[in-house]
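Q: I have a model open in front of me and would like to learn how to read it. Could you walk me through its features?

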Amino acid sequence: MKIAVIGTGYVGLVTGTCFADSGNDVTCIDINEAKIEGLKRGEVPIYEPGLSELVIHNSEAGRLHFTTDTAAAVAPAEVVYLAVGTPQGDDGAADLSAMWAVVKAIAPSLREDAVVVTKSTVPVGTNARIFGMLKEFTGRECDVASNPEFLKEGAAIEDFMKPDRVVVGVRRPEVGDVLHQLYKPFLRTEKPFLVMSPESAEMTKYVANALLATKISFINEMANLCEKMGGDINDVRRGIGHDSRIGFAFLFPGVGYGGSCFPKDVRALESMTVDKELTPAMLRAVDEVNERQKHVVSQKLDAHFGGDLAGKKIAVWGLAFKPRTDDIREAPALVLIDWLLSKGAKVVAHDPEAMDNVRAELGDKIEFAEGRMDALKGADALCIMTEWKDYHSPDFAEMYQLMGDPAVFDGRNLYEPERMARRGYCYHSIGRPMVD
Ligand code: NAD
């Protein structure tokens, strides 16, 4: 099939590359010329395991192309995917300006039989609005489908190639069939291809993200309660997780969720409920608990240093909002660093992939360490903000030697409190009692 994918970010690039890998002829389009020029040279602008190899392989095979020329790429396409960003607007709702610009741009060159598909996360009713706009611009009733994406950054290729399910929202079954053909190579293990209305498909994506965010905020609130009551959240997790109605997934306490999806999608859904005159009590609480959780490490640091962090050297391990990505959007580490700088502390940070992105934002306000151990030299404390594998099993004796003061604030519960105490550390974690 000839496919155009508009918006070559995390989702658009992964979608286009995976469809090319299954034999389709795909053109990825973006307004960012530097990004497109780089991709033409085989330079992938984001860190995503396995993506670079697939982009190069499929480009060399002549199945994957990159351009800024929307009209030329859309004209021959049987399927046109819309994968532009839908960030949070000033009022909390999704900002759809890029989506509307693209709909306007593609209308004049769309084939009569083309299927336009929204891959971006868009509020309920967007599909209908795109249908109306295309009717106005083309004078025809174009097929518009919704196909929300559930991939996780850090495992995007794996998730796209082996989805738990594919959800499509269509108004005609024939459109569902076209998309089913496209997805068949990825559904060989009989994972479901779920066809529903565009409105249900749009809602499904928001509900999935809101539920995952709710699980995180819930376990974080319980972890904070454990700290106050003397329980250990890790034991509690084990105690509840074996109940098959509960399970273990997404119930890890930490420093709050970040990234480009959960925060904005919870708020966008909240804004939809307000528009419909409902009170989004749960969604508001999930967001509020999360915002508070992002300060949990700074509160512990503040208590440890008696409120005086001026001149203290604080090492930060992990900047990305989660491991295996360089994405720092709404990352809890950045909230901590902001606070540390406001207190006059000196920050030395390390991250295996995200340092360039943070450097672009913070410049020389903080120092960046080449290796994880380099960050620790003379540090008064170490804060762990992202659970990269690199941080799971460091040489604790070497760490102890390097640090000025062996105080560790582990926002991801990577280590055992008893062992850390035995090694001589003052070890703080989330929802677990301190051991002297
Ligand atoms: P992104 O910011 O990485 O990429 C968006 C791309 O669209 C950018 O490269 C931008 O230059 C391009 N763009 C903007 N306006 C354009 C225009 N008029 N024409 C062509 N290109 C244009 O965003 P993303 O993370 O890939 O997210 C895209 C959508 O997918 C969002 O709705 C997001 O919520 C959703 N989503 C993201 C993820 C994720 O993990 N990142 C997962 C599932 C769904």
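Q: Which residues come nearest to the ligand?

A: A word on the ground rules comes before the answer. This is a predicted model, in which local features need pLDDT of at least 70, side-chain atom pairs count only at pLDDT 80 or more, and totals for chains, interfaces and linings use all residues. Residues are numbered from 1 along each chain as its sequence is written. A residue is near a molecule if its C-beta atom, placed from the backbone, lies within 6 Å of it. Here 26 residues surround the ligand, and G7, G9, V11, S120 and T121 come nearest. The elements giving two or more residues to this shell are α1 (10-21) and α5 (97-106); helices are DSSP runs (H or I, at least four residues), and strands are E runs of at least two, numbered from the N terminus.

Q: What is the pLDDT of the protein chain?

A: pLDDT is the predictor's confidence in each residue, from 0 to 100. Where pLDDT is low, the predicted coordinates should not be read in detail. The protein chain has a mean of 97, with 100% of its residues at 70 or more. For the complex, the predictor gives an ipTM of 0.99 and a pTM of 0.96.

Q: Why does the span of helix α9 agree with its number of residues?

A: The expected span of a helix is 1.5 Å times one less than its number of residues. Helix α9 (residues 198-229) has 32 residues and should span 46 Å, and its end C-alpha atoms are 46 Å apart, so the two agree. G230 follows α9 and has a positive phi, near 100°.

Q: Which domains does the assignment give?

A: Domain bounds come from an automatic or database domain assignment. For the protein chain these are domain 1 (2-196), domain 2 (206-292) and domain 3 (294-428). The centres of domain 1 and domain 3, taken over C-alpha atoms, are 37 Å apart. Their contact (C-beta atoms, placed from the backbone, within 7 Å) takes seven residues from each of domain 1 and domain 3.

Q: Which residues does the UniProt "binding site" annotation cover?

A: UniProt annotations may be inferred rather than shown by experiment. The unreviewed entry's "binding site" includes F150, K205, G258 and K322. The annotated residues span 173 residues in sequence, and the farthest two C-alpha atoms are 23.8 Å apart, so they do not all gather at one spot. K205 is found in helix α9.

Terms used:
Contact = placed C-beta atoms within 7 Å.
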